[in-house]
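Thanks for making time. I'd like to walk through the inside of one model, and then a few single residues.

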Amino acid sequence: ESPTTENGGSTMRTNTTKAKLAEGKVVFGAIISRYAPDLVELFGAIGYDFVMIDCEHGPMDLDQVEHMVRAAEVFGITPITRIPNHEDSTILQFLDRGVQGIIVPHVNTREAAEAVARAARYHPEGHRGVGGGRAHDYGVGVSREESTRWVNAHLLVIPMIEETEAVDNLDEILKVPGVDVLHVASGD
């Protein structure tokens, strides 16, 4: 159940894509490779489950990503971002914009998958630094403990399996706690 404000309203957003996947349902999404909040809204309006905001190959900056996340929230579609690398600071900056999932390129080993999963989640599941921004509804109507628990539970961490080393280590990568989905691109 979502944390609530004093007047009983829900403050935190459910990751509907993660919920559908947990029920064994198929989810559909679109890749958006340029700054286009209107496309995010359109895909939400026609019933897609998620958008993948491509910041590995696309030119969006963090402010633009945040606007695309806002568009996703308004139209009820899960914002997932393919980030440019798997540095802790990169993971933090994108998640603090309010994205509900990260697709992480070039995760080739169990150790890399573990590092990504820990960097993406708050204590006790990880070591993500806690800011008081939009990912936590700015601390309005929700405690830090409630919001960090909620964000951890609703986050999708999606390593990319795109190199032969990753395929060779697939069985070990699949065992990593906190890895929710694996992504294989059509060109890999």
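What follows covers the cores, then the helices, then the empty space, then three residues.

Keep in mind throughout that this is a predicted model.

Start with the nonpolar cores. The largest one has 35 residues. Within that core, Val40, Val65, Ile91 and Ile102 have the most contacts. Its members come from many parts of the chain: strands S1 (29-32), S2 (50-54) and S4 (101-104) each give at least two residues, and so do helices H2 (37-45), H3 (62-74), H4 (88-95) and H5 (110-120). In general, nonpolar side chains in soluble globular proteins tend to be buried together.

Val65 is a useful place to look around. Setting aside residues up to four places away in sequence, Val65 touches Ile53, Cys55, Met60, Thr81, Phe94, Arg97 and Val99. There is also a second core, separate from the first, with nine residues. Val27, Phe50, Ile80 and Ala185 are among them.

Now the helices. Which residues of H2 are buried? They are Val40, Phe43 and Gly44. These sit on the same side of H2, because the arc they cover around the axis is only 100°. An α-helix has 3.6 residues a turn, so residues three or four places apart point the same way. The buried residues of H2 pack against S1, S2 and H3. Just after H2, Gly47 has a positive phi of about 100°.

H5 can be read in a similar manner. In H5 the buried residues include Ala112, Ala113, Val116, Ala117, Ala119 and Ala120. Their arc around the axis is only 165°, so they too lie on the same side of H5. What do the buried residues of H5 pack against? The partners are H4, S4, S5 and helix H8 (170-174).

In H6, the buried residues are Ser147, Thr148, Trp150, Val151, Asn152 and His154. H1 and S5 are among the elements that cover them.

On to the empty space, beginning with the pocket. Rolling a probe the size of a water molecule over the atoms shows where empty space is left. The largest pocket has a volume of about 180 Å³. It is lined by 13 residues, and those closest to its centre are Phe50, Ile80, Ile103, Ile158 and His183. Phe50 and Ile80 were also named in the second core. As for secondary structure, helix H1 (16-22), S2 and strand S5 (156-159) each supply at least two residues of this lining. How does the lining divide by class? It has 11 nonpolar residues, two polar and no charged.

The structure also holds one cavity of 30 Å³ or more. The largest cavity encloses about 210 Å³ of space. Of its 16 lining residues, Gly98, Val99, Gln100, Ala135 and Val151 are the closest to the centre. Val99 came up earlier as one of the residues touched by Val65, and Val151 as one of the buried residues of H6. H6 gives the largest share of this lining, three residues. By class, the cavity lining has eight nonpolar, three polar and five charged residues. So we have charged residues in the lining of the cavity and none in the lining of the pocket.

Finally, three single residues. Thr148 is in helix H6, which runs over residues 144-154. Is Thr148 buried or exposed? Its relative accessibility is 11%, and it therefore counts as buried, the cut-off being under 20%. Beyond its neighbours within four places in sequence, Thr148 is in contact with Tyr122, Val130 and His136.

Tyr35 is in the loop between S1 and H2. It counts as partly exposed because its relative accessibility is 34%. Leaving out neighbours within four places, Tyr35 contacts Met60, Gln64, His67 and Met68. Tyr35 and Met68 are 33 residues apart along the chain, with 7.5 Å between their C-alpha atoms.

Val74 lies in helix H3. At 64% relative accessibility, Val74 counts as exposed. From Val74 to Val27 is 47 residues in sequence and 19 Å in space, C-alpha to C-alpha. Val27 is one of the residues of the second core.

That is the tour; I'll take questions.

Technical notes. Residues numbered from 1 in each chain as written. Predicted model: local features only at pLDDT ≥ 70, side-chain atom pairs only at ≥ 80, totals over all residues. Heavy atoms only, no water. Core = buried A, V, L, I, M, F, W, Y, C linked by side-chain atoms within 4.5 Å. Buried < 20%, exposed > 50% of the residue type's maximum accessible area, 1.4 Å probe, protein only. Helix = DSSP H or I, 4+ residues; strand = E, 2+ residues; numbered from the N terminus. Contact = heavy atoms within 4.5 Å. 1 Å grid on protein atoms, 1.4 Å probe; cavity = no way out; pocket = protein on both sides within 12 Å on 5 of 7 lines; lining within 4 Å. Points joined across faces, edges and corners; volume = space filled by probe spheres on them. Nonpolar A, V, L, I, M, F, W, Y, C, P; charged D, E, K, R; others polar. Arc of directions from axis to C-beta.
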